[in-house]
Each structure stands twice: as structure tokens, then as C-alpha cells.
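Me: Please take a close look at one part of this model, the place where the aromatic rings gather, and describe its surroundings in one connected account.

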Amino acid sequence: MDNTLSNLEKLIQKQNEILVLFSDQLDSNIADTLIVGLIVAVGSAISAYGFNYLHWHQTEKKKNKLSVVSSLSILIREFEDLSLKYWLSDATDDDPELCIKIKCRHLLINRYVNQYIQLFSGSEHAQIVSLFSNLIYDKVTGDDFESRSRVRSISKATSIAKLCSDVAARLNEDAITL
Amino acid sequence: MATINVSKDFSPDPIGRYRTDSNSSGEAFREDVLRPAIEKLGANEKLTIILDDGVESYGSSFLVEGFAGLIKHGYVTKEKLLTILEFSFSDADFCFYRDKIIQYIKDAKYSSQPYSPSSK
């Protein structure tokens with residue numbers, strides 16, 4: 001951005017030098033009109049560039065936000081499915097695979113939650129999403145997680161589903177209002 | 001300064017709460033590695049726990065039993081434990097686990113019951 005502005009300044013300077021050369025050869029009234037016209041044209045070009053830059057910046061920011069919200073929504077949905085499958089059955093031989101998937105999904109959720117908090121800092125949703133990452137980790141990987149004597153827990157599964165649905169709904173709101 | 005590398009000094013796969021769950025449970029980590037290391041510390045000496053370097057992730061059940069269990073069984077006060085422990089990791093994702101361990105220690109309560117090993 002700084003380079004571009006510096007180049008534009010150099011361009012304007014060169015144009016002024018050319019105009020001075022022209023003005024020496026032309027009638028002074030014509031030269032004045034020409035100079036004013038060129039200054040207006042260059043000013044307009046710079047303004048147009050500035051507006052374009054701002055628009056591009058806003059569009060990129062919006063795209064980035066949408067991408068994080070979308071990825072987070074998908075991860076939370078997958079995490080919810082895996083967690084419900086785990087807590088709605090007694091201990092089985094498939095547990096290690098599910099446990100690995102659950103822990104990895106949570107790490108990824110946490111990574112995206114950190115990005116979300118940066119992009120939506122100060123918003124009510126940012127606080128809720130941050131709290132969610134902590135709560136859901138304790139809820140899903142606490143108690144008898146990775147225990148060979150785990151028994152199914154409908155109440156825990158319901159609680160997990162509620163937490164995930166609540167955050168998913170808020171992320172949907174974000175996606176709509178962006 | 002004393003150091004525990006969870007992966008090398010204990011297991012690259014820390015899993016479960018009790019010994020009945022796995023050989024690399026939170027209970028096993030606390031009783032076989034963490035508690036002895038704390039007892040060997042000199043005055044004002046710190047204990048650094050290397051969380052990653054081979055470990056991919058932790059469950060809350062392991063972390064609660066492994067770290068907050070020290071308070072629960074009265075081995076050390078939470079204030080002293082928080083002063084002694086330092087955490088090291090190169091993977092930024094593990095910052096979450098460090099924060100959770102500190103939270104679990106702060107939330108831990110002394111159960112006033114002596115430790116009795118879970119049977120395997």
C-alpha cells in the first residue's frame with residue numbers, strides 16, 4: 001500500500017514536470033486549464049483506487065470470516081456426531097478409534113475458535129464460542145472417557161447435543177448476517 | 001530445574017483416568033512419575049512438564065486425574081503446585097491443555113481420603 005502511494009506521488013510529480021514543459025510552449029490560459037483538468041483527473045483516479053482498495057479489503061475480511069464460521073460449523077457437527085456415538089453406547093472395541101477422532105476434532109475446533117475470537121472480538125458470540133470450547137472438552141472427554149468400564153449416558157449425550165446445537169445456531173446467525 | 005517429558009518419561013499415548021483403563025492412565029502418571037518427581041524437588045526448584053514432543057492430544061479424564069489428583073489426595077496444596085509447575089510445548093495447540101491443567105488444579109478440592117490404588 002505504501003509503495004503504491006509512493007509510486008502515485010512520483011507519477012503526479014512527473015506529470016507536473018511534463019505540464020510545466022507544455023505550459024512554456026502554450027498560451028498561459030490554455031496551459032492553466034490543462035493543468036486543472038489533469039489534476040482533477042489524477043485526483044479522481046487516486047480516489048477510485050482508494051475506494052476499490054477499501055472495498056477489496058472489506059470483501060476479503062468478509063470471505064475470511066465466512067470461511068472460519070463455515071469450517072467451525074462443520075467441525076462442531078462432526079464432533080457432535082462422534083461424541084454422541086461414543087456416549088450413547090457402553091465401552092466397545094471401537095472406543096480407541098472414536099476417542100482419537102474426538103480428541104483430534106476438539107483440537108481443530110479449538111484452533112478455529114481462536115481464529116473466530118480474533119475475527120469477531122468483542123461480540124457476544126465470541127464469548128459464547130470461547131466458553132463452548134472449554135465446556136464441551138470437559139463434558140465429552142471427562143468422567144469415564146477412555147474408560148473400559150464406561151456405560152452409556154443419555155443425559156451426557158443430551159447435554160452435548162444441546163451445547164453443540166446452541167453454538168451451531170449462533171454460527172448460522174453469523175453466516176446469515178455477514 | 002527438573003523436567004518431565006510426558007512422551008519419553010511416561011508414554012506417548014496418555015489415556016484414561018485409572019489404571020483399570022490403561023497402563024498410561026492419569027493415575028499411573030500421577031503416582032509413578034509426577035508425585036515422585038515433586039517429592040525429589042529441592043527448595044524453590046521448579047518442575048517443567050513437556051506436554052507435546054510425541055504426545056498428540058490429551059483427554060480431560062487423564063489431565064484431571066494426573067494433575068488435580070495430587071490435590072485431591074492431599075500430596076500437595078494447589079498454591080504450591082501452581083508455583084512448582086511450569087509447562088513447555090512447541091505446538092501452539094497445546095496452550096489449551098496447559099490452560100486446562102491450571103484450571104483443574106485451581107478447581108481441585110482435597111477429598112480428605114487417602115489414596116487407594118484402583119485395581120487392575
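Reply: A residue counts as buried when its relative accessible area is under 20%. By that cut-off Phe96(B), at 8% relative accessibility, is buried. The structure is a predicted model, and the account below starts from this residue and moves outwards.

The aromatic rings come first. Over all chains, the whole structure holds 16 aromatic pairs. In one of them, Tyr137(A) and Phe96(B) meet edge-to-face, with 5.0 Å from centre to centre and 90 degrees between the planes. This pair joins two chains, because Tyr137(A) belongs to helix α4 of chain A and Phe96(B) to helix α5 of chain B. Tyr137(A) also counts as buried, since its relative accessibility is 1%, which is under the 20% limit. A further pair is formed by Phe94(B) and Tyr97(B): their ring centres are 5.2 Å apart and their planes stand at 75 degrees, so this pair is edge-to-face. The limit that decides this is an angle over 60 degrees between the planes. Phe94(B) and Tyr97(B) are both buried.

These rings belong to a wider group. One aromatic cluster is formed by Tyr137(A), Phe10(B), Phe29(B), Tyr58(B), Phe62(B), Phe67(B), Phe87(B), Phe94(B), Phe96(B) and Tyr97(B).

Phe87(B), a member of this cluster, leads to the sheet of chain B. Side chains alternate between the two faces of a sheet in a regular strand. Along β3(B), Leu85(B) and Phe87(B) point to one face and are buried, whereas Glu86(B) and Ser88(B) point to the other face and are not. The sheet is open and consists of 3 strands in the order β1-β2-β3 (chain B), with parallel pairing. Its edge strands are β1 (2-5) and β3 (85-88) of chain B, each of which pairs on one side only. On average, and with direction ignored, neighbouring strands of this sheet are turned by 25 degrees against each other.

The pairing itself can be followed strand by strand. Strands of a sheet pair through backbone hydrogen bonds, in either a parallel or an antiparallel manner. Here β1(B) runs parallel to strand β2 (residues 47-50) of chain B and is joined to that strand by 4 bridges. Opposite Asn5(B) stands Ile50(B) in β2(B). On the other pairing, β2(B) and β3(B) are parallel over 4 bridges. There, Thr48(B) has Glu86(B) in β3(B) as its bridge partner; Glu86(B) is one of the residues that point to the face opposite Phe87(B).

Phe96(B) also has a place beside open space. The second largest pocket holds about 200 Å³. Its lining has 14 residues, and those nearest its centre are Asn110(A), Asn114(A), Cys95(B), Phe96(B) and Asp99(B). Two or more residues of this lining come from each of α3 and α4 (124-141) of chain A and α5 (95-107) of chain B. The element that gives the most is α3(A), with 5 residues. Sorted by class, the lining of the second largest pocket comprises 5 nonpolar, 5 polar and 4 charged residues.

Helix α3 of chain A provides the link to the other pocket. The largest pocket has a volume of about 400 Å³. It is lined by 21 residues, of which Pro96(A), Cys99(A), Lys103(A), Glu146(A) and Ile15(B) are the closest to its centre. Helix α3 (residues 95-119) of chain A gives the most to this lining as well, with 6 residues. The classes represented in the lining of the largest pocket are 8 nonpolar, 5 polar and 8 charged residues.

The setting of that helix completes the picture. Chain A contains 5 helices and 0 strands, and 29% of its 178 residues count as buried. Arg105(A) lies in helix α3 of chain A and counts as partly exposed, at 23% relative accessibility. Between the C-alpha atoms of Arg105(A) and Val40(A), which are 65 residues apart along the chain, the separation is 57 Å. Elsewhere in chain A, helix α5 (residues 154-177) holds Leu171(A), which is buried with a relative accessible area of 0%. Leu171(A) and Ser70(A) are 101 residues apart in sequence, and the distance from C-alpha to C-alpha is 8.0 Å.

Technical notes. Residues are numbered from 1 along each chain as its sequence is written. Chains are lettered from A and ligands numbered from 1 in the order in which they are written. This is a predicted model: local features need pLDDT of at least 70, side-chain atom pairs count only at pLDDT 80 or more; totals for chains, interfaces and linings use all residues. Side-chain values use heavy atoms; hydrogens and water are left out. On a 1 Å grid over the protein atoms alone, a cavity is a set of points where a 1.4 Å probe fits but cannot get out, and a pocket is an open set with protein on both sides within 12 Å along at least five of seven lines; lining residues have an atom within 4 Å of a point. Grid points are joined across faces, edges and corners, and a volume is the space filled by probe spheres set on the points. Ala, Val, Leu, Ile, Met, Phe, Trp, Tyr, Cys and Pro count as nonpolar, Asp, Glu, Lys and Arg as charged, and the others, Gly among them, as polar. Two strands pair if DSSP finds at least two bridges between them. Axes are lines fitted to C-alpha atoms, for helices over the stretch in contact, and angles run from 0 to 180 degrees between N-to-C directions. Rings of Phe, Tyr and Trp (its six-membered ring) pair if their centres lie within 6.5 Å; planes under 30 degrees apart count as stacked, over 60 as edge-to-face and the rest as tilted. Buried means under 20% relative accessible area, exposed over 50%, partly exposed in between (1.4 Å probe, protein chains only).
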